[in-house]
Amino acid sequence: MNLPKNSAGDNSYSIENNLNCLFLFSSVYGSIGGIQKYNQQLIQAWKGSFPQHRLYVFGFEDNKNQTIDSQTVVSVHGCSYKTRWLRKLEFCLNALRCVLFNRVDLILAGHIRYAFIFSLLSKLTRARYVIVIHGEEATQSKGYFARWGLRCADAIWSVSRFTANGCTQENGINVNKVVLIPNYADEEWYSPGPVAPEFKEKYLIKNQKILLTVSRLDSREKHKGIENTLMAISKIASRYPELIYFIVGSGDDLPRLLDVCRKLKVDHLVRFVGGCSEVELLDFYRSSHCYVMPSTEGFGIVYLEALLTGVPVVSGNQDGSEEPLQEGRLGWRVNKHSPEAIATACIEALVGADPRCKGSWLREETLKKFGKQAFEQKLRMNIRKLFA
């Protein structure tokens, strides 16, 4: 393979060349969640920083080809088959075809499940290899092949210290390989402001106290803490009878959660609204008095979205939420298994007397550490480090 030469003339990569980069993600548009938003942000920031690079992007859960950004002209190539094992085969063949017919200089894998296979591709092509780790899947001990794939990486990019520490400790990874490139939320979009009258009319919002959770309702992701929050609703409602708990998101766990609501007799207070547009999501944040998700997150971009909109946040206390909540300085971190603790924190947030309820301050402190510029700067620095 003919590698691009740097200014010194040696046979090494140069970041300023027209490098070909292969991105392999679980999903870019195929579902809604923090990882998908991170993938979109990473692609946009990369192309914005290095427009001369050619990006080949493949999404396992994406059902069709889509343009991720008309300005950067980057397309996401999806999979056509519905059967999971056929999708896996198609996904891997697409990646193999890409490296066979293009000189690939870098392979970036967006999930640990791809670590082994795509580390082999990097060996075959002599390409740089990076793996991005996000949450719970990275903090658990992996089998031999996954660990080997992790150890072969030139760099591991983590969205949080929590995820990075769990990955290195459980899998014997050299800590020097791991760098932090945390999420960011679009501060120009997520901001305090008035709620559209038609939105209030649609969702029958008047003077109620509003709790909000935004999450996939996936039966494989019960760690989001929604069930325990439902168990806390009765106590919260005893203080604020005019209460609505909005849950934004869809998935196969919805029937079970509806049944939990009925058994707890809180179904009149809880509204599952399914998926929604970005415009409606912003109105959900702006109309809320507290964002609650006592989960086990690798980071939790939804916390940033809430904080930038000036909404107090209640999260779990044994996960990566310590970073967007800045060790509890910007919100309540509670035992996710304790409905009592969840209820107490939510009530304090709804009362609004605590400094952590001051919306303008929450936004200001969040921007200092997790603004778009900080993300782009860290990304550029670590891309250059890869090809130094």
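**Exercise 1. Determine how many disulfides a search of the whole structure finds, and where the nearest cysteine sulfur lies for Cys 92 and for Cys 276.**

Step 1. A disulfide is taken here as a pair of cysteine sulfur atoms within 2.5 Å, and a search of the whole structure with this criterion finds zero of them.

Step 2. Cys 92 is in no disulfide, the nearest cysteine sulfur being that of Cys 79 at 9.0 Å. Cys 276 is likewise in no disulfide, and its nearest cysteine sulfur, that of Cys 290, is 18 Å away.

Step 3. For accessibility, buried means under 20% relative accessible area, exposed means over 50%, and partly exposed lies in between, with a 1.4 Å probe and protein chains only. Cys 92 has a relative accessible area of 28% and is partly exposed, while Cys 276, with 21%, is also partly exposed.

A note on the basis of these values: this is a predicted model, in which local features need pLDDT of at least 70 and side-chain atom pairs count only at pLDDT 80 or more, whereas totals for chains, interfaces and linings use all residues. Residues are numbered from 1 along each chain as its sequence is written, and side-chain values use heavy atoms, with hydrogens and water left out.

**Exercise 2. Count the salt bridges, and work out which parts of the chain are linked by the pairs Lys 37 with Glu 305 and Lys 224 with Glu 297.**

Step 1. A salt bridge is a side-chain nitrogen of Lys or Arg within 4 Å of a carboxyl oxygen of Asp or Glu, and by this rule the count comes to 14.

Step 2. Lys 37 and Glu 305 form a salt bridge in which the closest N and O atoms are 2.4 Å apart. Helices (H or I, at least four residues) and strands (E, at least two) are DSSP runs, numbered from the N terminus; on this basis Lys 37 belongs to helix α1 (residues 34–49) and Glu 305 to helix α10 (residues 301–308), so that the pair links distant parts of the chain, 268 residues apart. Both Lys 37 and Glu 305 are buried.

Step 3. Lys 224 and Glu 297 meet through their side chains in a salt bridge of 2.9 Å, N to O. Because Lys 224 lies in the loop between β9 (209–214) and α7 (226–239), and Glu 297 in the loop between β12 (290–293) and α10, this pair ties together parts that are 73 residues apart in sequence. Lys 224 counts as buried at 11% relative accessibility, and Glu 297 counts as buried at 9%.

Step 4. His 223 is also found in the loop between β9 and α7, and it is buried, with a relative accessible area of 17%. Taking contact as heavy atoms within 4.5 Å, and leaving aside neighbours within four places in sequence, His 223 is in contact with Glu 136, Pro 294, Ser 295, Thr 296, Glu 297 and Lys 336.

**Exercise 3. Describe the salt bridge between Asp 259 and Arg 262.**

Step 1. The closest N and O atoms of Asp 259 and Arg 262 are 3.9 Å apart.

Step 2. Both residues are in helix α8 (residues 254–264), and because they are three residues apart there, they are separated by about one helical turn.

Step 3. Asp 259 counts as partly exposed at 30% relative accessibility, and Arg 262 is partly exposed with a relative accessible area of 49%.

**Exercise 4. Establish which residues of helix α3 are buried and what they pack against.**

Step 1. In α3 (residues 115–125) the buried residues are Ala 115, Phe 118, Ser 119, Leu 121, Ser 122 and Thr 125. They lie on the same side of α3 because they cover an arc of only 155° around the axis, the arc being that of the directions from the helix axis to the C-beta atoms.

Step 2. These buried residues pack against β1 (20–25), α2 (84–101), β5 (106–109), β6 (128–133) and α4 (144–152).

Step 3. The face turned away from the buried side of α3 carries the exposed residues Lys 123 and Leu 124. Just after α3, Arg 126 takes a positive phi of about 60°.

**Exercise 5. Give the strand order of the open sheet formed by six strands, and identify its edge strands.**

Step 1. The order is β11-β10-β9-β12-β13-β14, with parallel pairing; two strands pair if DSSP finds at least two bridges between them.

Step 2. The edge strands, each of which pairs on one side only, are β11 (270–274) and β14 (332–334).

Step 3. β10 (residues 243–248) and β11 pair in the parallel sense over four bridges, and Val 248 stands opposite Gly 274 in β11.
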